[in-house]
Amino acid sequence: MALAHQIGEEKCTIYSQDISQKSSQLLRLNLILNNLDHSLQNIIQGNTILYPYHKDKEGNLKKFDYIVANPPFKLDFSDFHSQIKTDANDERFFAGIPSIPAKKKESMAIYLLFIQHILYSLNSTGKAAIVVPTGFITAQRGIEKRIREKLVENKWLKGVVSMPSNIFATTGTNVSILFIDKENEGKVVLIDASKLGKKVKEDKNQKTVLSKEDEDKIINTFKNKEV
C-alpha cells in the first residue's frame, strides 16, 4: 500500500494472495481505508506456491511491474511438497525445490520457493523487494547459490541491505532486503545497516526500531550510491 501511495492510488492496482484468511481480510479492510477499494477483487486467500491464482487471459501466470514480499522463512510444507514437483513448475522453480528434512520440519526454507515465484512473476521491466534471511546472501551452495547466480548473470540484482537484528519482534532471524530490477544496468549497492536503530521491548520480545533519520540514511545511501 505504501508503494501504491507513491505511485498514486488511481494509477495502480494491487494484487495479493495469502494462505492466511485473517491476513487477507485485514488487507481488504486496509485497502478500503486507503482509497484502494478498486483492488478488493484481487485479494485472494490461497496457496501461492501450489495454486497461484493471478493469471492473464491466456491462462499463464500474470506478470507484474512491482512486487514486495516478506515470505515465511520456516513453514511446514511437507503435506504438499510432492505436488510441487511437476514438469509445469520446472521453469518457475528453476533453482530447485527444498527437500523435506528428516527432522526439524520448522527449518524448511520455503522462502526459496517464494523468491523463485517472484522472479518468474516479474515482467521484463519488473522490480521487486524481498525480505530474506541474511544467510541467503552468504550460502555457498544449493538453491540459494543458484538463485544468486541467476540474479548476477542477468544483472537483475539492484542491491542488498542488511538490516539490524530483531527488526521484526516475532523473529530473531537476521534479515536482509533483496532489491531486484530487471532493467538494472548499473552497480550493485550493498549496504550494512545492521548497527542502526534503537532496541526496545515490545511485549515480551526485544525489537530494533529505526528512526526516521535511520530510514533516510538507508534510502539516500541506496539512491545516491554513496555514504
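Four exercises with worked solutions follow.

The structure is a predicted model, in which local features need pLDDT of at least 70, side-chain atom pairs count only at pLDDT 80 or more, and totals for chains, interfaces and linings use all residues. Residues are numbered from 1 along each chain as its sequence is written, and side-chain values use heavy atoms, with hydrogens and water left out.

**Exercise 1. Confidence**

State the mean pLDDT of the chain and find the elements with the lowest and highest mean.

Solution. pLDDT is the predictor's confidence in each residue, from 0 to 100. The chain has a mean of 89, and 97% of its residues reach 70 or more. Elements are DSSP runs numbered from the N terminus: helices (H or I) of at least four residues and strands (E) of at least two. Strand S8 (residues 198-202) has the lowest mean, 81, and helix H4 (residues 111-121) the highest, 96.

**Exercise 2. Strand pairing**

Determine in which sense S4 pairs with S3 and with S6.

Solution. Two strands pair if DSSP finds at least two bridges between them. S3 (residues 64-69) and S4 (residues 122-133) are parallel, over five bridges; Ile 67 has Ala 128 in S4 as its bridge partner. S4 and S6 (residues 175-181) are antiparallel, over seven bridges; Val 132 has Ser 176 in S6 as its bridge partner.

**Exercise 3. Salt bridges**

Locate the salt bridges and find which residues form a network.

Solution. A salt bridge is a side-chain nitrogen of Lys or Arg within 4 Å of a carboxyl oxygen of Asp or Glu. The whole structure holds three.

1. Asp 181 and Lys 127 have their closest N and O atoms 3.6 Å apart. Asp 181 lies in strand S6 and Lys 127 in strand S4, so this pair ties together parts 54 residues apart in sequence.
2. Lys 127 also meets Glu 183 at 2.9 Å, N to O. Glu 183 is in the loop between S6 and strand S7 (189-192), 56 residues from Lys 127.
3. Lys 212 and Asp 216 have their closest N and O atoms 3.0 Å apart. Both lie in helix H7 (residues 212-224), four residues apart, about one turn of the helix. Shared partners join Lys 127, Asp 181 and Glu 183 into one network.

**Exercise 4. Thr 208**

Is Thr 208 buried or exposed, and which backbone oxygen does its side chain reach?

Solution. Buried means under 20% relative accessible area, exposed over 50%, partly exposed in between (1.4 Å probe, protein chains only). Thr 208, in strand S9 (residues 205-209), is buried because its relative accessibility is 3%. Its side chain reaches the backbone oxygen of Ser 165 at 2.6 Å.

Conventions:
Polar contact = N/O pair within 3.5 Å; in protein donor to acceptor, adjacent residues only side chain to side chain.
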